[in-house]
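Let's take a walk through this one together, starting at a loop and working our way round to the core. Keep the viewer open as you read.

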Amino acid sequence: MTQDAGEGRSDRRVELAATVLLTIAAVATAWAAYQSARWHGQQAKAQSASIAARVESTRTDNVANRQAQIDVALFTQWVDAYARNETELAAFYRRRFRAEFRPAFEAWVATKPRTNRTAPLSPFAMPQYKLAATAKSDRLEGQAGAFSQRVGRFIQRADNYSLAVVLFAASLFFAGISTRLRSPTPRMVVLGLGYALFLGSTIWIATFPVSLSV
């Protein structure tokens, strides 16, 4: 009688431990699945931002190319007029230089390129020649690259949480199997494996960043 009562209490303890593991592992599985979905959402947002920045960078770079073509065309016309001593025509083209081109042109003229062999070949080789559109394009390209790096990090985090879901599901499996076994030793071994897997997975995901919606 006493032995049967002891075995009954032992069975109840095992069943209670299995029930506890089933409960907390189910909660942990839901949490890991939620975090995986959240990080996949963050990844999608970062990817969209990266694509948008890269598209805008390309558009701005095209603007810079058109501006440079205008500068080259006007400068070429000015050089032709200047070489033919057509002062009025040269002044006509010079007045139509874009504002971003004028500082480079004036600095280039100051180097006396006709007599100075060390002078830059054209205003476009001067450090003063800077296009705001080019700078903006480079900045946007940098942003696109930064967003792309974030995409990689977010995917890795989502994958880690997905793996945690699998591990917690495995601990749920062990907890469920332990309630089906009748022999005490196998029940304890299987339940112990479930708890070990659960605790290891919990410690692991405790190091993960968390994403919460507000």
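Start with K112, which sits in the loop between α3 and α4. Bear in mind that what you're looking at is a predicted model. K112 isn't a glycine, yet its phi is positive, at about 55 degrees. That catches the eye because most residues other than glycine have a negative phi. As for its surroundings, K112 is exposed, with a relative accessible area of 55%; the label follows because exposed means over 50%.

There's another residue of this kind to look at. N85 also has a positive phi, about 60 degrees, without being a glycine. You'll find N85 in the loop between α1 and α2, and with a relative accessible area of 65% it is exposed.

While we're on loops, go back to the one between α3 and α4, where K130 is found. K130 counts as exposed, at 61% relative accessibility. If you want a feel for distances in the model, hop from K130 to I205: they are 75 residues apart in sequence, and their C-alpha atoms are 49 Å apart in space.

Now for the charges. Side chains of opposite charge can pair when their charged atoms come close. How many salt bridges does the count come to? The total is 6, and a few of them are worth a closer look.

Take E141 and R54, whose side chains meet in a salt bridge at 3.3 Å, N to O. This pair links distant parts of the chain: E141 belongs to helix α4 (residues 132-178) and R54 to helix α1 (residues 2-83), and their positions lie 87 residues apart in sequence. E141 is partly exposed, with a relative accessible area of 36%, and R54 is partly exposed too, at 32%.

A local pairing shows up within helix α1. The side chains of E56 and R59 form a salt bridge, 2.7 Å from N to O. Both residues lie in α1, 3 residues apart, which is about one turn of the helix. E56 is partly exposed at 26% relative accessible area, and R59 is partly exposed at 45%.

Then there's D71 and R98, a salt bridge whose closest N and O atoms are 2.9 Å apart. D71 lies in helix α1 while R98 lies in the loop between α2 (87-95) and α3 (102-110), so the pair ties together parts that are 27 residues apart in sequence. Are these two buried or exposed? D71 is buried, with a relative accessible area of just 1%, and R98 is buried as well, at 18%. Both values qualify because buried means under 20%. The story carries on from there: salt bridges with shared partners join D71, R98 and E100 into one network.

Rings next. The count comes to 21 aromatic pairs. One of them is W31 with Y34, a tilted pair with 6.0 Å between the centres and 40 degrees between the planes. W31 and Y34 are about one helical turn from each other, because they are 3 residues apart in helix α1. W31 is partly exposed, at 34% relative accessibility, and Y34 is partly exposed at 31%.

Those two rings turn up again on the surface. Together with V210 and L212, W31 and Y34 form a nonpolar patch there, with about 370 Å² of accessible area between the four residues.

Elsewhere, ring pairs build a cluster out of F75, W78, Y82, F97, F101, F105, W108, F124 and Y129. Rings can also meet charges, as in the case of R157, whose charged end sits over the ring of W39, 4.8 Å from its centre.

Finally, head inside. In soluble globular proteins, nonpolar side chains tend to be buried together. Here, the largest nonpolar core has 19 residues, and L21, F168 and F198 are the ones with the most contacts inside it. Which helices each supply at least two residues of this core? They are α1, α4 and α5 (184-205). The largest share, 8 residues, comes from α1.

That brings the tour back to α1, the helix that also holds W31 and both members of the E56 and R59 pair.

Key:
Residues numbered from 1 in each chain as written. Predicted model: local features only at pLDDT ≥ 70, side-chain atom pairs only at ≥ 80, totals over all residues. Heavy atoms only, no water. Helix = DSSP H or I, 4+ residues; strand = E, 2+ residues; numbered from the N terminus. Buried < 20%, exposed > 50% of the residue type's maximum accessible area, 1.4 Å probe, protein only. Phe/Tyr/Trp six-rings, centres within 6.5 Å; stacked < 30°, edge-to-face > 60°. Lys NZ or Arg CZ within 6 Å of the ring centre and 35° of its normal. Patch = residues over 30% accessible without salt bridge, like charges linked within 9 Å, V, L, I, M, F, W, Y side chains within 5 Å. Areas by Shrake-Rupley, 256 points an atom, 1.4 Å probe, with all protein chains shown as cover. Core = buried A, V, L, I, M, F, W, Y, C linked by side-chain atoms within 4.5 Å.
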